[in-house]
Amino acid sequence: MAVNRTVQFDGTRVQPAATARNLGVMINENATMASQVSSQCRSASHALWRIGKIRKLLDRQATEKLVHAFITSRLDYCNSLVFGLPSKLLDKLQLIQNSAARLVTRTKLRDHITPVRRSLHWLPVEQRVVFKILCITFKTVHGGAPVYLTELLTRTRSKREVRFVMPKVAEKSLVSYGDRPFKICAPRMWNGLPRNVRQADNFNTFKSCLKTNLFKIAYPI
C-alpha cells in the first residue's frame, strides 16, 4: 500500500524529496548512500573525461596531480559514510579509481589493473575508507577529534596501550547495517591493528604505518 507522505504547512501542501544534500553529501530516504555513490561517480567520470581530452599534452606526473585533485578528492570526500556498503556500490567507486589509474599510466583495458594500482602506491577504495576512519580514531585517542566523536568510544583499563571496549549491536537483524556506525566499526578496526601502528606517537607516523599495513592487506605478496 502506497504511503502518502505529503504534509500541510501553513496552508501549502509539501511533498518530501526522495533525496537531500547536506555538506555536499546526497542522502536518500532509506540511507543506503546509493544517491551519494551515483553523484560521486557522475562528477568523477566527467572529470576523467575532461582530463582524458588533454592527456596527450601531459606527462605522467602532471596527469597524476590532476587525477588526485579532481578525482581522488571526490572519492575521498566523506568516504567514511560508505563504510560497510554492499559491494555493488563500492565496486562503482572502485571502477572510477581503476579508470583513473589507467589514465595516468596509459594502461589498456585488457591489462589487469591490480598491478597498476600497486605500482602507483594507491590503496583501493575500500582500504581508503578504512584509512579515513582509523585516522579519525587516532585523533579521538590523542584529543584531536570533536567531543561528540570522542564520547562514542570507551577505552579499556589497560595502561600499556590504548584499546576500546566493543559495544554490542542492539538488534540481531542489524548485523550488516548495525556494524556501520562509528562507535561500532572504529573500536573493531583499532583493536585489530598491529601494536606498532596503535602505538605511533604522532599523526604522520601513524598514517605512514597504517598505509603500510593496509597496503600489505590490499596487495599480499
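Okay, let's start at one small spot: right after helix H5 comes Gly143, and its phi is positive, near 80 degrees. Keep in mind that this is a predicted model. I'll work outward from that glycine.

So, H5 itself. The helix runs over residues 125-141, which makes 17 residues, and from first C-alpha to last it reaches 25 Å, close to the 24 Å expected at 1.5 Å a residue. Plenty of H5 is buried, including Val129, Val130, Ile133, Leu134, Phe138 and Val141. Some polar residues are on that buried list too, among them Gln127, Thr137 and Thr140. What covers them? The cover includes helix H3 (87-105), helix H6 (147-150), helix H7 (182-191) and helix H9 (203-218).

Let's hop over to H3, then. H3 has 19 residues and spans 26 Å between its end C-alphas, close to the 27 Å expected. Its buried residues include Leu89, Leu90, Leu93, Ile96 and Leu103, and also Gln94, Gln97, Asn98 and Arg102. Those buried residues of H3 pack against helix H1 (34-53), helix H2 (60-76), helix H4 (114-120) and, as you'd guess, H5. H3 is also followed by a residue with positive phi: Arg106, near 60 degrees.

Pick out Leu93 for a second. Setting aside neighbours within four places in sequence, Leu93 is in contact with Val37, Gln40, Cys41, Leu75, Val82 and Val125. Val125 there belongs to H5, while Val37, Gln40 and Cys41 are buried residues of H1.

Now H1. That one has 20 residues and reaches 29 Å, close to the 28 Å expected. Its buried residues include Ala44, Ala47, Leu48 and Ile51. Here we meet some strands: the cover over H1 includes strand S3 (19-22) and strand S4 (25-28), along with H2 and H3.

Which residues touch the most other members of the largest nonpolar core? They're Val67, Ile71, Leu93, Leu134, Trp190, Phe206 and Leu210, out of 50 residues in that core. H1, H2, H3, H4, H5, H7 and H9 each supply at least two residues of it. As a general point, nonpolar side chains in soluble globular proteins tend to be buried together.

One loop residue I like is Leu153, between H6 and H7. Buried or exposed? With a relative accessible area of 11%, and under 20% counting as buried, Leu153 is buried. Leaving out close sequence neighbours, within four places, Leu153 is in contact with Thr137, Thr140, Phe164, Phe182, Lys183, Ala186 and Pro187. Thr137 and Thr140 are from the buried set of H5. Also, the C-alpha atoms of Leu153 and Pro167 are 8.8 Å apart, with those positions 14 residues apart along the chain.

Let's zoom out. How many helices and strands are there? Nine helices and four strands, and in sequence order the pattern goes β-β-β-β-α-α-α-α-α-α-α-α-α. The C-alphas fill a box of roughly 60 × 55 × 30 Å along the principal axes. Of the 221 residues, 36% count as buried. Among contacts between residues at least 6 apart in sequence, 59% join residues at least 24 apart.

Last, the surface and the charges. The chain exposes about 14200 Å², and carbon and sulfur atoms supply 56% of that. There are 37 positive side chains and 13 negative ones, and the centres of the two sets lie 4 Å apart. That's my tour, thanks.

Methods. Residues numbered from 1 in each chain as written. Predicted model: local features only at pLDDT ≥ 70, side-chain atom pairs only at ≥ 80, totals over all residues. Heavy atoms only, no water. Buried < 20%, exposed > 50% of the residue type's maximum accessible area, 1.4 Å probe, protein only. Contact = heavy atoms within 4.5 Å. Areas by Shrake-Rupley, 256 points an atom, 1.4 Å probe, with all protein chains shown as cover. Lys, Arg positive; Asp, Glu negative; His and termini not counted. Charge placed at Lys NZ, Arg CZ, Asp CG, Glu CD. Expected span 1.5 Å × (residues − 1). Core = buried A, V, L, I, M, F, W, Y, C linked by side-chain atoms within 4.5 Å.
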